[in-house]
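Here is a short round of questions on how the terms used for a structure are earned. Each answer sets a value against its cut-off.

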Amino acid sequence: MSTSSGTPESWISSFCSLLGHEYFAEVSEEFIEDDFNLTGLQNQVAMYKEALEMILDVEPEEDEEEDDEEEEDEEDISGDARDGPGRERRHHSRVASDLSVIESSAEMLYGLIHQRFICSRAGIQQMSEKYELGHFGVCPRTNCNQTRTLPVGLSDIPGEDTVKLFCPSCLDVYVPPNSRFQTVDGAFFGRTFGALFLLTFPEYDLSRSGAEAASSLARTGEDQAMINGMYPKNIAPGLGRNKIYEPKIYGFRVSEVADSGPRMQWLRDKPDDLAILDEARNFAEEHDAESDDEDDDDEGMTNTGRHGTKRQYNSVIRQKQGRNGTAMEVDANGAGSEL
Amino acid sequence: MDDYGTESDSDYTSYWRDWFISSRGNEYFCEIDEEYLTDRFNLTGLNTEVQYYQYAMDLITDVFDLDCDDEMRETIEKSARHLYGLVHARYIASTRGLTKMLEKYKKADFGKCPRVMCNSHPLLPLGLSDIPNLKPVKLYCARCEDTYNPKSSRHASIDGAYFGTSFHSILFQVYPTLVPAKSQERYVPRVYGFKVHAAAALVRWQNSVRGDMRRRLRKMEVDSGFKDGEDDLEDEDEDEEEIDEEEELQMQLQQHQLVEYRGGATAATGALVPVAAGDAQMGGVA
Ligand SMILES: [Zn+2]
Ligand SMILES: [Zn+2]
């Protein structure tokens with residue numbers, strides 16, 4: 001990991017220092033050496049064993065005498081078939097085409113391990129350090145005031161889409177500004193990391209801009225109760241009143257009814273009172289008060305517009321909730337609370 | 001200023017303006033007609049905004065012939081650029097100016113929306129203020145109706161007042177057929193396939209706000225411009241939402257599939273795999 005003088009750079013550090021690889025964390029050897037963490041990856045890359053050796057900077061001949069029986073047998077057969085008796089040759093000077101296959105397999109394998117690593121305790125910690133240092137850039141949206149973003153994939157399957165940036169301030173995803181990131185596979189970051197990061201580090205003040213030092217809400221004296229697992233101040237700080245773009249013509253707001261009028265403001269909207277969003281609590285609170293107000297709900301919502309009162313919204317939510325009062329989407333595997 | 005003045009002044013039409021709009025960093029500007037520039041009505045009030053107004057105007061219209069030192073020349077040059085910007089803000093709201101900016105918009109000269117769900121929709125420059133020296137230029141996306149910072153620092157320092165607050169709204173008012181279809185597609189943060197509660201609750205609230213808007217528009221018989229999500233209107237809220245967790249997850253998957261497909265992925269079928277994200281739990285979180 002340390003690239004200090006003398007020691008040759010490891011495959012992992014040199015991979016991470018390539019242009020366009022700035023978002024990658026350096027996966028620890030410890031993580032890679034734990035077979036459990038690699039479950040299922042054997043079938044996903046060609047020449048898996050060689051690729052793994054390359055990532056770990058293992059000299060191929062060394063492990064010849066060592067463990068891993070089943071793997072070994074398989075390799076031997078294919079190896080012998082290709083190279084005949086030249087075992088030495090196979091290890092010491094792999095054919096160039098083999099090498100490039102192994103190299104690209106190693107990159108794929110590293111990416112897939114990386115997807116898992118950054119969701120592990122050590123990995124997400126390392127990513128938080130990169131986040132603090134502003135390695136992932138900032139949100140391009142004007143009203144997000146240069147909030148730091150997080151690299152994410154829109155798919156966990158490699159080859160489908162490139163890496164994107166998730167902004168915790170507007171909860172939207174953006175194309176990285178520099179084209180060098182447009183060749184980096186999004187699956188190497190995966191769909192889970194961005195959201196898991198927010199749940200793992202609820203204390204970060206998400207409204208801080210990338211130019212400022214990252215700071216925690218605790219330090220700013222914020223000790224409010226959480227809503228739905230997040231501090232209210234961190235629920236989409238870039239959205240809501242005064243954070244929605246209002247188109248105007250010579251100072252006059254463009255009407256919603258105009259053909260070219262605003263239609264997307266809901267996307268950047270947020271209730272003034274975030275307690276409205278605490279569906280579980282509101283449901284419990286309102287559960288006894290029976291449904292005598294149900295009929296005029298629709299009217300109520302329409303008339304009060306975007307900042308309808310808590311009560312009116314709650315009754316809508318109550319209907320939405322159906323039989324599931326808690327709606328704890330995230331607690332399925334306890335990922336939120338355990339870290 | 002670059003190599004202005006070192007070339008021969010053979011091409012007398014719009015020599016200075018040609019140079020100006022083709023200078024690096026000035027890609028957002030279009031060329032203002034001679035005709036517009038010489039109509040004093042269009043310039044009302046600008047003479048007090050700009051130092052050495054007449055010299056600056058002479059420079060812009062290529063009739064500048066004052067013999068002066070370099071320092072003076074530089075001051076006038078600076079004034080000319082400022083004056084050009086101020087006239088530009090007015091010009092692009094005129095019929096001719098709109099046409100020129102429209103051409104640039106169609107070529108995506110102003111860049112493309114960075115928002116993934118906007119599918120690289122071309123942007124338009126805008127100012128957040130009409131008063132000069134207050135706010136740098138921003139970019140407006142007509143698809144998500146939001147504003148973004150220019151990618152390049154050489155654009156980030158241009159005065160937003162040179163484009164003005166009204167231009168893009170006027171453009172779409174004049175050319176309503178160019179208003180892009182609106183979409184409800186959006187990013188939904190997930191952890192191992194499950195939505196994050198705080199974000200999901202906000203999304204539900206936003207959906208109700210959107211549903212209200214669409215009902216309001218329908219009542220007034222105005223086209224909402226959405227090409228998707230007819231259920232926003234056809235069903236009452238409760239019908240739409242009275243679905244159990246499992247179905248909700250299915251719907252997410254479909255949405256997700258759509259997102260990936262639009263993101264340029266070839267294999268949309270792969271999107272149905274995420275339930276197998278169980279694999280990915282090996283990360284050692286549990
Ligand atoms: Zn943002
Ligand atoms: Zn957009």
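Q: How does helix α8 of chain A lie relative to β1 and β2 of chain A?
A: Helix α8 (residues 193-200) of chain A lies across β1 and β2 of chain A. Its direction is about 140° to β1(A). Such angles run from 0 to 180 degrees between N-to-C directions, with axes as lines fitted to C-alpha atoms, for helices over the stretch in contact. Contact means heavy atoms within 4.5 Å. Helices (H or I, at least four residues) and strands (E, at least two) are DSSP runs, numbered from the N terminus.

Q: What should a newcomer know about the model and its numbering?
A: The model is predicted: local features need pLDDT of at least 70, side-chain atom pairs count only at pLDDT 80 or more, and totals for chains, interfaces and linings use all residues. Residues are numbered from 1 along each chain as its sequence is written, chains are lettered from A and ligands numbered from 1 in the order in which they are written, and side-chain values use heavy atoms, without hydrogens and water.

Q: What makes β1 and β3 of chain A edge strands?
A: The open sheet has three strands in the order β1-β2-β3 (chain A), with antiparallel pairing. β1 (150-152) and β3 (172-174) of chain A each have a single partner strand, so one side of each has no neighbour in the sheet. Neighbouring strands are turned by 40° on average, direction ignored.

Q: How do you know that β2 and β3 of chain A pair?
A: Pairing needs at least two bridges found by DSSP. Strand β2 (residues 164-167) of chain A and β3(A) have three bridges, in the antiparallel sense. Cys167(A) stands opposite Asp172(A) in β3(A).

Q: Why are four cysteines called donors of the zinc ion (ligand 2)?
A: Donors are N, O and S atoms within 2.8 Å of the metal (3.2 Å for Na, K and Ca); water is not among the atoms, so sites may look incomplete. The SG atoms of Cys113(B), Cys118(B), Cys141(B) and Cys144(B) lie 2.3 Å from the zinc ion. They therefore qualify.

Q: Why is the site of the zinc ion (ligand 2) called tetrahedral?
A: Four donors count as tetrahedral if all angles lie between 85 and 135 degrees. Here the angles are 103 to 118°, so the label fits.

Q: What makes Asn119(B) partly exposed?
A: Buried means under 20% relative accessible area, exposed over 50%, partly exposed in between (1.4 Å probe, protein chains only). Asn119(B) has 33%, so it falls in between.

Conventions:
Four donors count as tetrahedral if all angles lie between 85 and 135 degrees; four count as square planar and six as octahedral if opposite donors are over 155 degrees apart and all others between 65 and 115; anything else is irregular.
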